[in-house]
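Hi there,

Here is the structure I promised to pass on to you. Have a look at it first, and then read on for what I found in it.

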Amino acid sequence: MNIAILGCGNWGSVFGIIQYRRGHQIKIWEFDKKRAEYIQETRDNSPFLLKYKIPDPILIDWRLENVVENSELIVFAVPCQTLGSVLKEMKKIKIKTGEFLSLIKGIDIKTLLLPSEIINRAYPKEKCYVLSGPSIANEIIRNEPTAVVLAGKNMERAKILQSELTTENLRIYLCDDMTGVEIGGALKNVIAIACGISDGLGFGANAKGALISRGIVEIQRLGVKMGANPRTFYGLSGLGDLVTTSFSEESRNHTFGKKLGQGKSLKEIKKDFVMVAEGVSTVRAVMRLAKKHGVEMPISKVVYEILYKNKSPLNGLRSLMLRPLKNE
Ligand SMILES: NC(=O)c1ccc[n+]([C@@H]2O[C@H](COP(=O)([O-])OP(=O)(O)OC[C@H]3O[C@@H](n4cnc5c(N)ncnc54)[C@H](O)[C@@H]3O)[C@@H](O)[C@H]2O)c1
């Protein structure tokens, strides 16, 4: 397949490399001209990808039309809050394919839309699929195995994509609950920040186990109100990804939370962080969605207050213990 990948960050470049190894023709769009030209020439994608080079046959270009023309599948791997502007640029050019795949995990803070909904708004006739689940790019590039889920509305076509994109270390399952898969993928980053905070404060496995199991409950609570299947949250894109992100030292959201727990401010952490930790903006959308749907999301609320309301991490996590007692 001719695959265009929009976004040459950590996951975009790793996804491109593994699909190139799988036998596909890959072109990657990097919006920053200088960076695109540097990568195209040197094959070096640091700081987004360390220790690995991008193979020569993969084209890296800042001109969107050069990347998407003739592609059979367009893959989105940009930060969620930039997706709207990327689609605006795309609408200016002609595309051949009617198929999109989103690798994005987040919620747009202006519109409260999920990535596939933003894509569908721009391209209502085309088909959009979502790939989510435990997929730390740095593990995948080292050929470590994982399993993920591909969600879409057209299961016949999804089946073809499943077999085209599966590799020996990336096992793909199918699911028809796009809302559940995207909500799980977006919200696990918020709970992973909470787990990072807990680690940064020096708390142990009990605290993290509690945050993960109560975290999945609040993710599911909101997801069900938004039309998702409750079972989806106990699958790869829900609990699977939540556990991975909450434990991995290579997860940005977990690392972000850990630094908060160690006493750093949002401003200080952002200064050293070149890569996107999606949970930091997702939590803002989550607070509005929780209000809109009338659901209680105590862990997300505490993460929001620590990030944006100057609540101390210790007081934040303590406040979870002081809530009125209830049944599980
Ligand atoms: N890194 C992972 O392991 C991983 C795994 C699964 C899903 N994801 C998701 O994939 C998405 C991309 O993540 P990533 O880790 O590759 O991010 P990243 O921060 O490593 O890279 C982001 C890319 O987007 C580009 N970009 C930044 N601002 C832009 C703009 N305004 N317009 C267009 N492009 C812009 C950057 O130049 C870079 O190429 C996120 O939603 C993330 O949650 C990441």
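**What I found**

Let me start with the inside: the largest nonpolar core holds 97 residues, and Ile5, Leu6, Val75, Phe76, Ile191 and Val303 have the most contacts inside it. Helix α8, residues 178-200, is the biggest contributor to this core, with 12 residues. Both domains take part, since at least three residues of the core come from each of domain 1 (2-139) and domain 2 (179-321). If you want one residue to click on, try Val303: leaving aside neighbours within four places in sequence, Val303 is in contact with Val190, Ile193, Ala194 and Val283. Please keep in mind throughout that this is a predicted model.

**The chain as a whole**

The secondary structure of the protein chain amounts to 15 helices and 8 strands. Its radius of gyration is 19 Å, close to the 20 Å from the globule rule for 328 residues, so the chain is as compact as a globular protein of that length. For setting up a box, you may like to know that the C-alpha trace spans about 60 × 40 × 35 Å along its principal axes. Of the 328 residues, 49% are buried. Among contacts with a separation of 6 or more, 72% are between residues 24 or more positions apart.

**The two domains**

The domain assignment gives domain 1 (2-139) and domain 2 (179-321). Their centres, taken over C-alpha atoms, are separated by 25 Å. How many residues of each domain are in contact with the other? For domain 1 the count is 23, and these are in contact with 24 residues of domain 2. On the domain 1 side, α5 (115-122), β6 (127-132) and α6 (137-141) each supply at least two of the touching residues. By class, that side of domain 1 has 12 nonpolar, 8 polar and 3 charged residues.

**Around the ligand**

I expect this part will interest you. The ligand is surrounded by 27 residues, and the closest are Gly9, Asn10, Trp11, Phe31 and Ala137. The elements that give two or more residues to this shell are α1 (10-21) and α4 (83-91). Of the elements, α1 has the largest share, with 3 residues. By class, the shell divides into 15 nonpolar, 8 polar and 4 charged residues. As with the core, each of domain 1 (2-139) and domain 2 (179-321) gives at least three residues to the shell around the ligand.

**Backbone details to check**

Most residues other than glycine have a negative phi, and most peptide bonds are trans. Here are three places to look at with that in mind.

- Ser46 and Pro47 are joined by a cis peptide bond, with omega at about 5°. Pro47 sits in the loop between α2 (33-42) and β3 (59-61).
- Asn70 is not a glycine, yet it has a positive phi of about 65°. Its place is in the loop between α3 (64-68) and β4 (73-76). Asn70 counts as partly exposed because it has 13 C-beta neighbours inside 10 Å.
- Asn143 also has a positive phi of about 65° without being a glycine. This residue lies in the loop between α6 and β7 (146-151). Is Asn143 buried or exposed? Asn143 is exposed, because 12 other C-beta atoms lie within 10 Å, and the cut-off for exposed is 12 or fewer.

Happy to talk any of this over whenever it suits you.

Best wishes

Key. Residues numbered from 1 in each chain as written. Predicted model: local features only at pLDDT ≥ 70, side-chain atom pairs only at ≥ 80, totals over all residues. Near = placed C-beta within 6 Å. Helix = DSSP H or I, 4+ residues; strand = E, 2+ residues; numbered from the N terminus. Nonpolar A, V, L, I, M, F, W, Y, C, P; charged D, E, K, R; others polar. Domains from an automatic or database assignment. Rg over C-alpha atoms; globule rule 2.2 N^0.38 Å. Buried ≥ 20, exposed ≤ 12 C-beta atoms within 10 Å, placed from the backbone. Contact = placed C-beta atoms within 7 Å. Core = buried A, V, L, I, M, F, W, Y, C linked by C-beta atoms within 7 Å.
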